[in-house]
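Trainee: I'd like to go through this one by asking how each label is earned. Can we take the cavities, the strands and the odd backbone spots in turn?

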Amino acid sequence: MPYSIVALIKQAPDMNALRVDRATGQVQLTGQPVISSYDACALEAAIQIKEAHGGELTVISAGPASVKDALQRALGMGADRAIHVRIDDLSSIDSLAVARLLADQIASMPVDLILTGQASDDGSSGQVGPQVAELLGVPRVGSISALTIEGAVVAIERDSEDGRQTLHVQIPVLLMAQSGLNEPRYLSLKGMMAAKKKPLDVVKPATVERSAGISWGAPYVPARTGGGVMLHDVPASEAATQLVDWLKQRKLI
Amino acid sequence: MAARTGTLIVGEVGAGGLRPASLELITAAQTLEGAISALLFGAEIDAAATTIAAAGVDRVLIVDHRDLAYPSAEAATSVIAHAIARLEPAVVLMMNTTLATEYAPSLAARLGVGLVSDVFALRTESGTIVATRSAVGGRLQTDVTLRGDEVRLIGIRAGAFEKAAQQTSASPIESHSVEMSELDRRVRVTSVAAKQSSGVGLESAEIVVAGGRGLKEKASFVLVEQLAAALGGAVGATRAVTDLGWRPHDEQIGQTG
């Protein structure tokens, strides 16, 4: 059966292209911003469900003008339409405020499945997904590493503290992807061309509320906790002896 | 309305009884002002309640129901919201387990208040709480200040605080029942495959032997397993390795784990 699917994505700095000057605490971005890695897995899962079962996939993202690039990419990968909730400075609002803006968009559309990442690459607070579900009154399941859907029932697997869990839940549901869920596809030239013809709506929220009572200090460089020791080009038996000596000296064994 | 006082810690019970990190929340709560209450929920959790009652808390609330054996995030949220309404704590401390990463944000949305997650240091400065967490993908850290009359929700990173020790005296344990909604029952855990590992859990291990992608292939992790077994430790893995499916995600260590 076809599904109405929503993927929620965040645009984040490319963490592999990010340098921190330890002396000043300044962050230097040398690459283009990307779709946050867990969200890219959620998007890929959403596209795969659409390809297998049919339906419509809407991708939604909140953020500044540059978010258009992330949404274009999502359209190129296979989403049908995109909504850009325009917030010029995401860091000026908190997770719950973002969740309210996203939930407002979803509340007016029919939806069977909402997919998003477990947490973002930059803030890593992991709050927006569960909060959107709570605001919409739908069940939520996170840390997903495998997923199948049949009719109205989603079967989920995830690693928990007690071992590998299998869960079942009826749609509508919000699912949060672990990064190992799949390997997000590359953007093809054909996809990129097709994306230009797909609808991308920009919504400007009138008021943005943020939680009172919480204020965030400027990020700073944590104190170093000590470096590691590298054993290079040493025969295994020699390396083992050195490792055991090192552990013994530190009274770790 | 009387001002909110004290701290409520939300512990968890797993297949092996009280999750050890529950006891770390007590130590974290001791850095704050006021009495410490503990909440536990689950099915047949008397033994876990007895353990936490003797670990330096002032009172323990339990919600024991067979439907809570593998609670959904929704059910957990309902239970915690009930306890907050009853106790009116100034601060609620929660864990960062698989389940807590779902219910803590849900609770914040239900109550319409903020949440600071994954906190690894806490201090009180003239009535305000300063919580330290990572920023910019773990490269930097930041101090978050929480003030005001609303309940303050904080998620605590596992391993950041010592586990509270058992004491000779124990606090009273009160049993409560909470009405579950239809939503609370919609997610069902249908099976749990117990771990095949050596039996030493990562969150309670004194020694962790961790491996990364440098091991080149999944099979090489047998070396890590052997060393961990020899040292009586647990196996850890980097995110790259868990993403590749070489190891389960709950063995992931480091700032993204």
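Trainee: Which helix gives the most to the lining of the second largest cavity?

Mentor: Helix α1 of chain B, residues 21–29, with three residues. Keep in mind that this is a predicted model. The full lining is B:A21, B:E24, B:L25, B:M95, B:N96, B:I156, B:R157 and B:A158.

Trainee: What makes B:M95 a lining residue there?

Mentor: A residue counts as lining if it has an atom within 4 Å of a cavity point, and B:M95 is on that list. By class the lining has five nonpolar, one polar and two charged residues. The space inside is about 40 Å³.

Trainee: How many cavities of 30 Å³ or more are there?

Mentor: Two. The largest holds about 50 Å³. Residues of both chains line the largest cavity, including A:R140, A:R158 and A:L167 from chain A and B:Y70, B:E102 and B:V189 from chain B.

Trainee: How does the lining of the largest cavity divide by class?

Mentor: Into seven nonpolar, one polar and three charged residues. Tyr and Pro count as nonpolar, so B:Y70 and B:P71 of that lining go in the nonpolar class.

Trainee: On to strands. What makes both faces of β14 in chain B "covered"?

Mentor: Side chains in a regular strand alternate between the two faces of the sheet. In β14(B), residues 234–237, B:A234 and B:G236 are on one side, B:V235 and B:A237 on the other, and all are buried. Buried means under 20% relative accessible area, so the strand is covered on both faces.

Trainee: How do you know that β13(B) and β14(B) pair?

Mentor: The rule asks for at least two bridges, and β13(B), residues 208–211, shares four with β14(B), in the parallel sense. B:A210 stands opposite B:G236. With helix α5(B), residues 221–231, the two strands make a right-handed β-α-β unit.

Trainee: Why are β13 of chain A and β12 of chain B called edge strands?

Mentor: Look at the sheet: it is open, has 10 strands and mixed pairing, and its order is β13(A)-β7(A)-β6(A)-β1(A)-β8(A)-β12(A)-β9(A)-β10(A)-β11(A)-β12(B). Its edge strands, β13(A) at 200–203 and β12(B) at 188–193, each pair on one side only. The twist averages 30° from one strand to the next.

Trainee: What links β11(A) to β12(B)?

Mentor: Five bridges, in the antiparallel sense. Two would be enough to call the strands paired. A:Q165 stands opposite B:V192 there.

Trainee: Now the backbone. What makes the bond between A:I171 and A:P172 a cis peptide?

Mentor: Omega is about 0°. A:P172 sits in the loop between β11 (163–170) and β12 (173–177) of chain A.

Trainee: What is the phi of B:E44, and why is B:E44 called exposed?

Mentor: Phi is positive, about 55°, although B:E44 is not a glycine. The relative accessibility is 76% and the cut-off for exposed is over 50%, so B:E44 counts as exposed. Its place is the loop between β4 (36–42) and α2 (46–53) of chain B.

Trainee: And why is B:E88 called partly exposed?

Mentor: Because its relative accessible area is 26%, between the 20% and 50% cut-offs. B:E88 has a positive phi too, about 50°, and is not a glycine. Look for B:E88 in the loop between α3 (73–87) and β6 (91–94) of chain B.

Terms used. Residues numbered from 1 in each chain as written. Chains lettered and ligands numbered in written order. Predicted model: local features only at pLDDT ≥ 70, side-chain atom pairs only at ≥ 80, totals over all residues. Heavy atoms only, no water. Buried < 20%, exposed > 50% of the residue type's maximum accessible area, 1.4 Å probe, protein only. Right-handed = clockwise from strand over helix to strand, strands pointing away. Axes fitted to C-alpha atoms, helices over the stretch in contact; angles between N-to-C directions. 1 Å grid on protein atoms, 1.4 Å probe; cavity = no way out; pocket = protein on both sides within 12 Å on 5 of 7 lines; lining within 4 Å. Points joined across faces, edges and corners; volume = space filled by probe spheres on them.
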